[in-house]
Amino acid sequence: MTSIQIDGLKYQYPTSDFKLAIDQLTITENLVAIAGQNGAGKSTLFKLLTGLVHPQAGEIHINHRDLASLTPEDRLKTIGIVFQDPSSQLFNATVEKEVAWSVLQVETDAAVVADTVNDALATVGLTELKDKNPFDLSMPEKKLLSIATVLAVNPQIYLFDEPMISLDWPSQQLVTHLMQHLAEEKHQVIAITHDMNWLAATFAKVDVLADGQVIFEGKPETFFGDSALTQKTGLMTPRIMQIAQEVFDDSRVYLTPEDYFEKHSEKR
């Protein structure tokens, strides 16, 4: 079981009044959502987890190892990130070379590199585009390519920053199924999202940030069932809950339309 333990973590940008201050946060589940309004500290937390910025106080331990003690290669094998804007992590001449560059950071055997690249591209459905320039791809294709570059390294922990943004419906389904598969294979998958419908349908746990602090850890149904907390954070409940409230004056928690129909069918 993969575990992330955060204690006394503090970070403040030099040119901003924003402060991230997490006294304690433990993540052991395999499929976890991070939610919160813009400016809550979600992306800053991801940057700290990947070492893109360094904490000014506190510690991050992954599987009981201090993140700061990991070598660059160990860090790549431990934790990988897919950014919200895929263009920020694409810079090679072809789709194939983009994925190969990632693999070459952890593997030197040419045959292994070639097989790994082929597998990663096949997983995200980009095999036929391997010779194209990444910047000639559509936005959904760029997003899938950025995911392939992380898949190819196969880290223990995957961080996804707003993975549903810019994806069409088929790509959203592909990425959701991929994340679920990774979680089933004992990888830890953590995603930042503003999409409460997707969060409710997909994740077993949600950590909610506000003003740089963690204000909720638990099951989505518990969070959405606390109207004071959802109002405080400015996060909407799933659409099915809004419809049930508006049409039937039903204030119970429903995560998905299927959840609604299942709960009502039990009464018949």
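At what angle do H5 and H6 pack, and how far apart are their axes? In this predicted model, the two helices pack at an angle of about 15 degrees, and their axes lie 11 Å apart. That angle makes H5 roughly parallel to H6, since angles under 35 degrees count as roughly parallel. The notes below start with this pair, move on to the two partners of H3, and then visit a handful of single residues. An annotated span closes the briefing.

**Helix H5 with helix H6**

- H5 runs over residues 139–151, while H6 covers residues 169–184.
- The crossing in which H5 passes H6 is left-handed.
- On the H5 side, the contact is made by Pro-140, Leu-144, Ile-147 and Leu-151. H6 contributes Ser-171, Leu-174, Val-175, Leu-178 and Leu-182.
- Sorted by class, the contact of H5 with H6 has 8 nonpolar residues, 1 polar residue and no charged ones.

**Helix H3 with helix H5**

- H3 and H5 cross at roughly 30 degrees, and their axes come within 8 Å.
- H3 and H5 are therefore roughly parallel to each other, as the cut-off for that label is an angle under 35 degrees.
- H3 passes H5 with a right-handed crossing.
- From H3, the residues Val-95, Glu-98, Val-99 and Ser-102 meet Leu-145, Ala-148 and Thr-149 of H5.
- The contact of H3 with H5 comprises 4 nonpolar residues, 2 polar residues and 1 charged residue.

**Helix H3 with helix H4**

- H3 spans residues 95–104 and H4 spans residues 110–123; they pack at an angle of about 125 degrees, with 9 Å between their axes.
- This angle makes H3 oblique to H4, because it falls outside the ranges that count as roughly parallel, antiparallel or perpendicular.
- H3 and H4 have a right-handed crossing.
- The H3 residues Val-95, Glu-96, Val-99, Ala-100, Val-103 and Leu-104 meet Val-113, Thr-116, Val-117, Asn-118, Ala-120 and Leu-121 in H4.
- Of the residues in the contact of H3 with H4, 9 are nonpolar, 2 are polar and 1 is charged.
- Val-95 and Val-99 of H3 appear in the contact with H4 and also in the contact with H5.

**Met-139 in H5**

- Met-139 lies in H5 and counts as partly exposed, with 34% relative accessibility.
- Setting aside residues up to four places away in sequence, Met-139 touches Pro-86 and Ser-166.
- From Met-139 to Thr-123, the C-alpha to C-alpha distance is 18 Å, and the two are 16 residues apart in sequence.

**The loop between S7 and H6**

- Strand S7 (157–161) and helix H6 (169–184) are joined by a loop that holds Glu-162; Ile-165 is found in the loop between S7 and H6 as well.
- Glu-162 is not a glycine, although it has a positive phi of about 50 degrees.
- Glu-162 has a relative accessible area of 5%, so it is buried; the cut-off for buried is under 20%.
- Ile-165 counts as partly exposed at 35% relative accessibility.
- Gln-84 and Lys-143 are in contact with Ile-165, leaving aside neighbours within four places in sequence.
- The C-alpha atoms of Ile-165 and Asp-195 are separated by 9.1 Å, with the two residues 30 residues apart along the chain.

**Gln-37 and its contacts**

- Gln-37 sits in the loop between strand S3 (31–35) and helix H1 (42–50).
- With 35% relative accessibility, Gln-37 counts as partly exposed.
- Not counting residues up to four places away in sequence, Gln-37 touches Lys-42, His-194, Leu-209, Thr-233, Gly-234 and Leu-235.
- One of these contacts, Thr-233, is 196 residues from Gln-37 along the chain, yet their C-alpha atoms are separated by 6.9 Å.

**Asp-249**

- Asp-249 belongs to the loop between helix H10 (239–248) and helix H11 (257–265).
- Asp-249 has a positive phi of about 55 degrees, although it is not a glycine.
- At 62% relative accessibility, Asp-249 counts as exposed, because the cut-off for exposed is over 50%.

**The annotated span**

- The unreviewed UniProt entry carries the annotation "domain: ABC transporter" for residues 4–236.
- Residues 4–236 are 38% helix and 24% strand, and the end C-alpha atoms of this span lie 28 Å apart.

Terms used. Residues are numbered from 1 along each chain as its sequence is written. This is a predicted model: local features need pLDDT of at least 70, side-chain atom pairs count only at pLDDT 80 or more; totals for chains, interfaces and linings use all residues. Side-chain values use heavy atoms; hydrogens and water are left out. Axes are lines fitted to C-alpha atoms, for helices over the stretch in contact, and angles run from 0 to 180 degrees between N-to-C directions. Helices (H or I, at least four residues) and strands (E, at least two) are DSSP runs, numbered from the N terminus. Angles under 35 degrees count as roughly parallel, over 145 as roughly antiparallel, 65 to 115 as roughly perpendicular and the rest as oblique. A crossing is left-handed if the near helix is turned anticlockwise from the far one by less than a right angle, and right-handed if clockwise. Contact means heavy atoms within 4.5 Å. Ala, Val, Leu, Ile, Met, Phe, Trp, Tyr, Cys and Pro count as nonpolar, Asp, Glu, Lys and Arg as charged, and the others, Gly among them, as polar. Buried means under 20% relative accessible area, exposed over 50%, partly exposed in between (1.4 Å probe, protein chains only). UniProt positions are given in the numbering used here, feature names are shortened, and annotations may be inferred rather than shown by experiment.
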